[in-house]
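Work through the exercises below with the coordinates open. Each task is followed by a solution in steps.

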Amino acid sequence: MRIQPKFLATGIGSMPFIDPEHAIDVSLLRMPQAPLWPQLPRLGFREQMEIQYSEGMPCTVIDAEKTRMYFDTAKDYSEQFALFYEDYMAAMDPETGNGNCSAMAISPEYSRGFHALLKRLKVLERRTPFVKVQTTGPCTFALTITDQDKRAIYYNEEFRDMIVKALAMKCRWQIQKFKPLADRVICFIDEPILSAFGSSTYVSVRRDDVVGLLAEMISAVHSDSAVSGVHCCGNTDWSILIDAGADIVNFDAFEFGDTILMYAGAIKKHLTAGGMLAWGIVPTSAKIREQSVEGLAARLDALMDKLAAKGIDKQLVARQAVLTPSCGTGSMEPDDAEKVFEILDGLSAAMKEKYSF
């Protein structure tokens, strides 16, 4: 089934609020067609972007005093890995798997926002058109989290394979929880670290490996009939996301909108095949204080015109457009974050009206 989002508004994971119920109020009020569960990093160490998804992974060590999580690779981990792969195969084997990914469940201790949205939607008297969930991507997770010697765990191939499979299970577990409450579930794979892809810092990170890691997670999302998205809030090689099979390519259109023009051929193929662009046109910095719905609508329209000038039908671009903030709002002042979502909601309505959707 092809989806035509037509300027559907949704968010990127984090919010700066400390009251989960208020965060859910904002999500449902400002993104009523595609609410998301809010990541709430100000509630504590375990709600940080990578740590939030580490629960249940073998060999994790949580050092709350130093606010650090790492993998202990020095001890014999064969038994822990054997148990993990037993759970993985039981759930994910394409022929015999039962789909039960509860071994990688996310508890309220690691995400109060997830469980607050789940509870709220259960008491609504209607299904929402979409619900949006998210998981930290394998590259961002594995290049950020280290072993006991502070070496990025990405470079340990055994652990890297375990991590991508654990994160894939976390995607499926989330999707399964929300499927009864929405017509479709959107699952974003958040990969901010891809903005540094190709830099000297990550020169040994190969394109084929990145595509393969993302493709494995996207395949897991699709296995539960959900819509996959990949988010990167900086400049990157956007063809990587398309080659990995993402349904939605989410980018910071406010600061880096022109970068997608370099990949017009890939973007045209992506949109023509039913793929979508999620335009992160609402800035998540202090610049939000200077913005208006009218100004951002004009900015977005100008970017769409540039794509049209590359030979991509503008009506196709409009039909396949999702609107988001440029990144999460977790580090913002709460009042600024409120304005981000207020403008996002207004912008979605304005663009729908302009294009008669």
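The model is a predicted one.

**Exercise 1. Is Asp-209 buried, partly exposed or exposed, and what is the distance in its salt bridge with Arg-206?**

Solution.
1. Asp-209 has a relative accessibility of 23%, which makes it partly exposed.
2. Its partner Arg-206 stands at 51% and counts as exposed.
3. The two side chains form a salt bridge with an N to O distance of 3.2 Å.
4. The cut-off for such a pair is 4 Å, so the 3.2 Å of Arg-206 and Asp-209 qualifies.

**Exercise 2. Classify the two residues of the salt bridge between Asp-72 and Lys-75 by exposure.**

Solution.
1. The closest N and O atoms of Asp-72 and Lys-75 are 3.9 Å apart, and the limit is 4 Å.
2. Asp-72 has a relative accessible area of 15% and is buried.
3. Lys-75, at 59%, is exposed.

**Exercise 3. Which parts of the chain does the salt bridge between Arg-30 and Asp-345 link?**

Solution.
1. The side chains of Arg-30 and Asp-345 meet at 3.7 Å, N to O.
2. Arg-30 belongs to helix α1 (residues 20-30) and Asp-345 to helix α12 (residues 334-354). The pair links distant parts of the chain, 315 residues apart.
3. Arg-30 is partly exposed, with a relative accessible area of 24%. Asp-345 is also partly exposed, at 24%.
4. The structure holds 18 salt bridges in total. A network of salt bridges links Asp-301, Asp-305, Lys-314 and Lys-354.

**Exercise 4. Where does Phe-357 lie, and which residues is it in contact with beyond its neighbours within four places in sequence?**

Solution.
1. Phe-357 is found in the segment after α12.
2. Its relative accessibility is 33%, so Phe-357 is partly exposed.
3. Phe-357 and Gln-4 are separated by 353 residues in sequence, yet their C-alpha atoms are 10 Å apart in space.
4. Leaving aside neighbours within four places in sequence, the contacts of Phe-357 are Lys-6, Phe-7, Gln-315, Ala-318, Arg-319 and Lys-352.

**Exercise 5. Which residues of α2 are buried, and why are they on the same side of the helix?**

Solution.
1. Helix α2 runs over residues 78-92, 15 residues in all. From first C-alpha to last, α2 reaches 20 Å, close to the 21 Å expected at 1.5 Å a residue.
2. The buried residues in α2 are Phe-81, Phe-84, Tyr-88, Ala-91 and Met-92.
3. They cover an arc of only 95° around the axis, and therefore sit on the same side of α2.
4. An α-helix has 3.6 residues a turn, so residues three or four places apart point the same way.
5. Exposed Glu-79 and Glu-86 are on the face of α2 turned away from its buried side.
6. The cover over the buried residues of α2 includes α5 (157-178) and α6 (207-223).

**Exercise 6. How many disulfides are there, and why is Cys-327 not bonded to Cys-233?**

Solution.
1. A disulfide needs two cysteine sulfur atoms within 2.5 Å.
2. By this rule the count is 0 disulfides.
3. For Cys-187, the nearest cysteine sulfur is that of Cys-171, 3.7 Å away, and Cys-187 is in no disulfide. Cys-187 is buried, at 0% relative accessibility.
4. For Cys-327, the closest cysteine sulfur is in Cys-233 at 3.4 Å, which is too far for a bond. Cys-327 is partly exposed, with 24% relative accessibility.

Terms used. Residues numbered from 1 in each chain as written. Predicted model: local features only at pLDDT ≥ 70, side-chain atom pairs only at ≥ 80, totals over all residues. Heavy atoms only, no water. Helix = DSSP H or I, 4+ residues; strand = E, 2+ residues; numbered from the N terminus. Buried < 20%, exposed > 50% of the residue type's maximum accessible area, 1.4 Å probe, protein only. Contact = heavy atoms within 4.5 Å. Expected span 1.5 Å × (residues − 1). Arc of directions from axis to C-beta.
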